[in-house]
Amino acid sequence: MRPETKTENRKAPTVIDSPPSENLQLDNNGRLRHFLSIDGLNRELLTEILDTAESFTGVSERTVKKVPLLRGKVITNLFFETSTRTRTTFELAAKRLSADVLSLNISASSTSKGETLLDTLRNLEAMHCDMFVVRHNDSGAANFIATHTAPHISVVNAGDGRHSHPTQAMLDMFTIRRHKQKFSGLKVAIVGDILHSRVARSQILALNTLGAEEVRVIAPKTLLPADVASLGVKVFYDLEQGIQDADVVIMLRLQRERMGSAMLPSEHEYFQLYGLTDERLEAAHPDAIVMHPGPINRGVEMDSQVADGPRSVILQQVSFGIAVRMAVMSMAMGTVTPGAAKR
Amino acid sequence: MTTANKIEIINGRLIDPANNIDGQHNLHIENGKICAIDQPPAGFTPDLTIDASNQIVCPGLVDLSVRVREPGQEHKATIESETRAAAKGGITTICCPPDTNPIIDTPAVAEMIHNKSLEIGYARALPIGALTQGLEGNQLSEMVALTKAACPVMSNAYVPLANTLVERRALEYAATFGITVFIRPEDRHLRDNGCIHEGVVCARLGLPGIPEAAESVAVARDLALAAHTGCTIHFHALSTATALEMIRTAQHNGLPITANVAAHQLHLTEDDIDGFNSNCHVIPPLRTKHDMDELRQGLATGVIGAICSDHQPHEPDAKEAPFPSTMPGISALETLLPLTLKLVQDGVLDLATAVARLTSGPAEILGLPLGQLSIGSDADICIFDQEQSWQLSADEMLSAGKNTPFLNQTFTGQVTHTLFQGQVVFQS
């Protein structure tokens with residue numbers, strides 16, 4: 001049943017309390033082993049990822065843009081779904097950590113020949129990889145791979161179906177923290193296709209775990225999951241109401257194929273109702289920042305004036321993505337110790 | 001299998017819901033038939049005596065939906081492997097949906113399945129005839145010929161009829177000849193590519209959802225056509241409280257409507273999928289606790305007349321993939337009775353009603369003289385120890401499919417003997 005009240009606010013039950021031993025992502029000492037989802041990770045760990053990323057931001061500005069943390073390690077990018085931005089930033093992050101990187105576009109090769117995902121994994125394990133960075137169109141694919149891979153291999157989820165895209169969420173948290181310093185007291189509005197968005201699911205979990213005051217989702221019912229309020233969000237159907245006093249406005253990418261289907265009548269009507277313009281942004285907090293995971297459909301999700309305007313932090317998100325991915329990779333490989341980032 | 005012509009089963013608590021019997025009675029069997037209750041016929045000397053002290057003696061279970069995967073998918077299971085597993089579960093009659101390869105839309109395929117099961121001799125496999133040729137939803141199958149070839153009922157399996165005119169004609173034709181039609185109610189557009197109940201867990205895991213309305217919309221349509229055509233419809237594998245309520249009302253209004261539920265729907269909910277447990281990937285999907293509780297109530301009140309296993313054995317690879325890419329279904333023959341007995345332990349059903357939902361209930365739906373211990377009926381008998389605890393292990397499962405979310409769980413209540421047509425086909 002769809003929630004009828006717009007203000008229902010139930011927190012997801014498993015966000016903070018999961019005991020480490022039951023979480024596939026953590027080792028027996030509660031340290032990050034895989035990075036599959038924000039679900040089940042506590043505030044301390046998410047903060048550690050942000051702090052570690054902070055310590056890596058300087059690396060990109062050096063003449064020699066490398067640190068030797070993952071020297072001799074082999075990282076394989078396993079992309080079962082095409083991606084430019086995410087794959088490139090993962091590659092760059094791995095290279096800056098001095099790892100050897102192998103990028104495989106599998107959608108076209110093995111699976112079309114009937115090789116099962118497990119067979120593909122076994123073959124790659126035989127090549128002595130240390131980490132898989134996985135993108136797959138099935139929700140749960142990263143969990144599946146982490147469950148079935150050899151114990152010495154770490155798995156980082158680069159997006160699985162509609163489930164989770166945790167590094168994207170963490171780079172968004174990093175961007176928010178850079179601009180807002182802390183999460184408590186923040187009102188964050190997420191606008192657009194929540195239903196199909198792994199980014200939104202991860203952002204909602206991360207924001208609630210990090211203590212944001214209020215997470216809102218704004219979309220027509222066709223783009224909202226059933227029982228969306230159970231994720232710990234307030235639901236709005238009206239953009240201006242939803243971004244009222246918001247400190248952060250996150251616009252989601254709208255896949256072109258949703259247009260003209262029964263999901264939405266047209267780009268025109270979508271932009272009329274949910275497109276972000278300077279005028280509409282007036283409703284938000286005066287210091288509000290505008291984010292977008294990219295790539296932007298200009299004139300659909302937002303005006304160019306907003307995308308290129310002073311409140312937009314969209315390009316910063318991309319560059320912070322490298323530092324955040326460096327942090328996650330080095331933590332999952334056990335090459336940074338807790339608190340190292342603070343020294 | 002032991003061959004014995006005359007068997008007596010003594011000292012057991014006999015539960016035979018069809019004949020309203022529940023008490024201590026001895027049973028006598030000759031030439032594969034039940035020949036006497038309590039007093040043996042004059043001059044009866046048993047070749048075999050089964051002492052069923054402290055045990056329950058009931059009719060062999062009748063399971064309304066069992067995929068044996070033969071013909072066509074023998075890498076998953078065979079008639080032999082699955083009827084043997086059925087015998088271990090106390091089941092002596094299994095109904096096989098028509099989505100085999102080739103499809104059960106000709107008498108030859110139907111007869112092959114039926115005859116082969118009788119030759120092997122563990123249990124009776126009754127083919128369910130295809131409602132439309134090739135299950136394609138266009139042309140009616142030769143229903144009368146299929147009925148003569150041992151198909152007690154017709155069904156379009158898990159391929160919902162898209163065209164309501166074809167459905168109307170199929171139900172009219174079936175009604176002409178008094179044929180019951182099994183329907184798995186599902187609106188294929190609302191189902192879309194969903195693989196999990198559209199609800200809280202679906203929202204969190206981002207798996208494509210199947211709304212409750214996918215079932216209730218179909219039930220509403222099918223009930224309207226049942227009223228229009230007068231066809232007897234049996235709804236297979238209910239999953240939602242809403243559909244249950246609609247069926248209750250239809251029954252109340254006198255429509256010839258029955259329903260079954262798969263045993264796992266009475267014990268699992270959407271929450272069990274957390275962590276992407278592919279052994280909980282079933283169609284219809286596991287729903288909410290409210291749905292589960294209502295289905296349990298529907299069973300107690302009799303709106304749902306039968307519990308089936310909805311057995312779907314798979315090879316390991318079919319479940320070893322990311323959740324949406326795994327095959328749905330549970331290997332469930334060996335847990336049908338224990339999961340039903342768990343409802344007795346949970347206080348949902350009394351023992352006699354539980355037995356009825358596994359024996360006389362499904363037999364009545366099929367319109368066959370099975371699931372009863374009447375004099376002269378086939379000696380299909382299940383004997384179980386209600387107190388015996390045991391653990392389900394893959395090694396000890398006889399089904400070729402080990403795909404079950406109940407692995408390593410402890411159950412109370414275990415089959416000790418199964419007799420099919422007067423032969424002991426399983427003994428623990």
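Mentor: Two residues are in contact if their C-beta atoms, placed from the backbone, lie within 7 Å. The model here is predicted. By that cut-off, 19 residues of chain B are in contact with 23 residues of chain A.

Trainee: What makes up the side of chain B that touches chain A, by element and by class?

Mentor: Helix α6 of chain B, residues 200-205, gives the largest share, five residues. By class, that side of chain B has 11 nonpolar, four polar and four charged residues.

Trainee: Why are α2(A) and α11(A) called oblique to each other?

Mentor: Helix α2 (residues 85-96) and helix α11 (residues 314-332) of chain A pack at an angle of about 55 degrees. Angles under 35 degrees count as roughly parallel, over 145 as roughly antiparallel, and 65 to 115 as roughly perpendicular; the rest are oblique. The angle of about 55 degrees falls in none of the three named ranges, so α2(A) and α11(A) are oblique.

Trainee: How far apart are the axes of the two helices, and which hand does the crossing have?

Mentor: The axes of α2(A) and α11(A) are 8 Å apart, and α2(A) passes α11(A) in a right-handed crossing.

Trainee: Which residues make the contact?

Mentor: From α2(A) come A:Arg85, A:Thr89, A:Phe90, A:Leu92, A:Ala93, A:Ala94 and A:Arg96. From α11(A) come A:Val318, A:Gly321, A:Ile322, A:Arg325, A:Met326 and A:Met329. The residues of this contact divide into eight nonpolar, two polar and three charged.

Trainee: Why is A:Gly321 put with the polar residues there?

Mentor: The nonpolar and charged classes are fixed lists, and the others, Gly among them, count as polar, so A:Gly321 of α11(A) is placed with the polar residues.

Trainee: How is chain B divided into domains, and how do the domains meet?

Mentor: The domain assignment gives domain 1 of chain B as 6-57 + 379-427 and domain 2 as 59-366. Over C-alpha atoms, 25 Å separate the centres of domain 1 and domain 2 of chain B. In contact across them are 30 residues of domain 1 and 44 residues of domain 2. On the domain 1 side, the elements giving two or more residues are β2 (13-16), β19 (381-391), β20 (410-420) and β21 (423-427) of chain B. The largest share, six residues, comes from β20(B). That side divides into 17 nonpolar, nine polar and four charged residues.

Trainee: What is the confidence in chain A, and where does pLDDT stay under 50?

Mentor: Chain A averages a pLDDT of 88, and 88% of the residues score at least 70. Over residues 1-21 of chain A, pLDDT stays under 50. The model has 38 contacts beyond four places in sequence for residues 1-21 of chain A. Where pLDDT is low, the predicted coordinates should not be read in detail.

Conventions
Residues numbered from 1 in each chain as written. Chains lettered and ligands numbered in written order. Predicted model: local features only at pLDDT ≥ 70, side-chain atom pairs only at ≥ 80, totals over all residues. Domains from an automatic or database assignment. Helix = DSSP H or I, 4+ residues; strand = E, 2+ residues; numbered from the N terminus. pLDDT = per-residue confidence, 0-100. Axes fitted to C-alpha atoms, helices over the stretch in contact; angles between N-to-C directions. Left-handed = near helix turned anticlockwise from the far one by under 90°.
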